[in-house]
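Please walk me through this model in my viewer. Tell me what to select at each stop and what I will find there.

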Amino acid sequence: MIIFFVDQNLKNLPLSEILDIDKLNNVDKPIEVANGLPNECYTNANYLAHEREKIFFNKWTVVGVGSSIPKIGDVKPYNLLGIPLILIRDKDMKIRVFHNVCSHRGFKLLDKACTLKNVIRCPYHSWTYDFKGNLVATPHIGGLNNHQHKKFDKTKSHLKEVRTKIWMDIIFVNINSNEIDFDNYIKPLEERWSNLINKEDQKLIVHSNDYGYFSLEVKCNWKFAIENYCESYHLPTIHPELNKVSNINDHYHIEGLPNRFAGQGSEKYEQLIKGNKKFKTFSNWDKDKLKNSEYIALFPNVMIGLHVDHFYVFWLEPLAMNKTKEHMQMYYVGSESANGEYLKELRKENSRFWKDVMLEDISVIEGMQDGRNSPFYNGGNFSPIMDQPTHQFHKWVANNLI
Ligand code: FES
Ligand SMILES: [Fe+2]
């Protein structure tokens, strides 16, 4: 049984009764005088109903990765802020996302991940759907042993498909079908990366099966993970080891235009090398930028790390106002680097390195959650130099809410 943490009725309370709209307007000001998002955006359950609609359902939101359902018939249920979904791999290898509800009397079709042979069968009265969502069987609908009814049109009772796009193995959905076309949406980021990973090289990424995934549950609002990821300001205090290799001065800000992503880049990335073992690199990567790596948060809920020899997707599953599951997926260039025995130890080390970094960040993102319970905090102030990408994320949230 899933406990919905968002009461569907909460959205009836206008935003102006939940928080001070002036405070929200104060976010999109010049950084020197702007405040951050008000406390209610991190602590108030009524607020979450607004965020759910305007941030998660109106936007291209991440619900998983394709490599978690690699084979035909692989299915996974997913709960997006109370909305039950099904992720499935169709027979043509295409990934589809459906609302996880039977068209008959609304039973939730799928409860756990599995591999299906040919159909999705509802456990209640056995109505059955193919992987494209077509209703293909309605046992006894016309009475015992009569599986048709002349007044019932099967073609109108298919599963409801969600607008979906797969990019770099990441599954994006737009629940309300109202965001711009994904190819246009991602264009500014692809253009930014055109001399690092072009469209051909995007196809080379392979998920690692042994050290390719880990997850962490954190006791804080999902937004803290994004805003922390966007800045390198905390490197010396929170990541002293990382700071020895690549300090604040080796980093630059990234602010996407139009405002859909932000983050930071480093000019001191060093490939992991053990003896003569190292990962394969992207072949079209600019030779002058081999030491560049970029860490970008694509709003709302995915963070991407791009390096000449590996790529990761760090995406967020909001579980409650103050609870989030972080999913980390690692990819390499080609199957030898991703899954070959020869580089296994290197993958293990790389995965451990990133996990340690993410673990170091937990104390700060949970600490911000605790701090936000203070009624004497006004949303805070930004460093005009160090916090620009973080401010960009706050502006994106505030502007979408208003
Ligand atoms: S609710 Fe699914 S078959 Fe009846
Ligand atoms: Fe960090």
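**Two domains and their interface**

In this predicted model, the C-alpha centres of domain 1 and domain 2 lie 35 Å apart. To set up the view, make one selection of residues 66-164 for domain 1 and another of 181-401 for domain 2, as the domain assignment gives them. Where the two meet, the contact takes four residues from domain 1 and eight residues from domain 2.

Now colour the interface by surface. Between them, domain 1 and domain 2 bury about 460 Å², with 49% of that area on carbon and sulfur atoms. Next, show S67, Y78 and L81 as sticks: these residues supply 74% of the area that domain 1 buries against domain 2, more than any other three residues.

Which classes of residue does domain 1 present on the side that touches domain 2? You will find two nonpolar, one polar and one charged.

If you like to look for specific interactions, start with charges: the count of salt bridges between domain 1 and domain 2 is zero. For polar contacts, the rule finds one residue pair across this interface, with both residues at pLDDT 80 or more.

**A small stop at a sheet**

Move on to an open sheet of three strands, ordered β6-β7-β8 and paired antiparallel. Select 120-121 for β6 and 135-137 for β8; these are the edge strands, each pairing on one side only. Then add β7, residues 128-129, which pairs with β6 in the antiparallel sense over two bridges. To finish, zoom in on I120 and look across to β7, where Y129 stands opposite.

How values were computed. Residues numbered from 1 in each chain as written. Chains lettered and ligands numbered in written order. Predicted model: local features only at pLDDT ≥ 70, side-chain atom pairs only at ≥ 80, totals over all residues. Heavy atoms only, no water. Domains from an automatic or database assignment. Contact = heavy atoms within 4.5 Å. Buried area = accessible area lost by both parts, 1.4 Å probe. Salt bridge = Lys/Arg side-chain N within 4 Å of Asp/Glu carboxyl O. Polar contact = N/O pair within 3.5 Å; in protein donor to acceptor, adjacent residues only side chain to side chain. Nonpolar A, V, L, I, M, F, W, Y, C, P; charged D, E, K, R; others polar. Pairing = 2+ DSSP bridges. Helix = DSSP H or I, 4+ residues; strand = E, 2+ residues; numbered from the N terminus.
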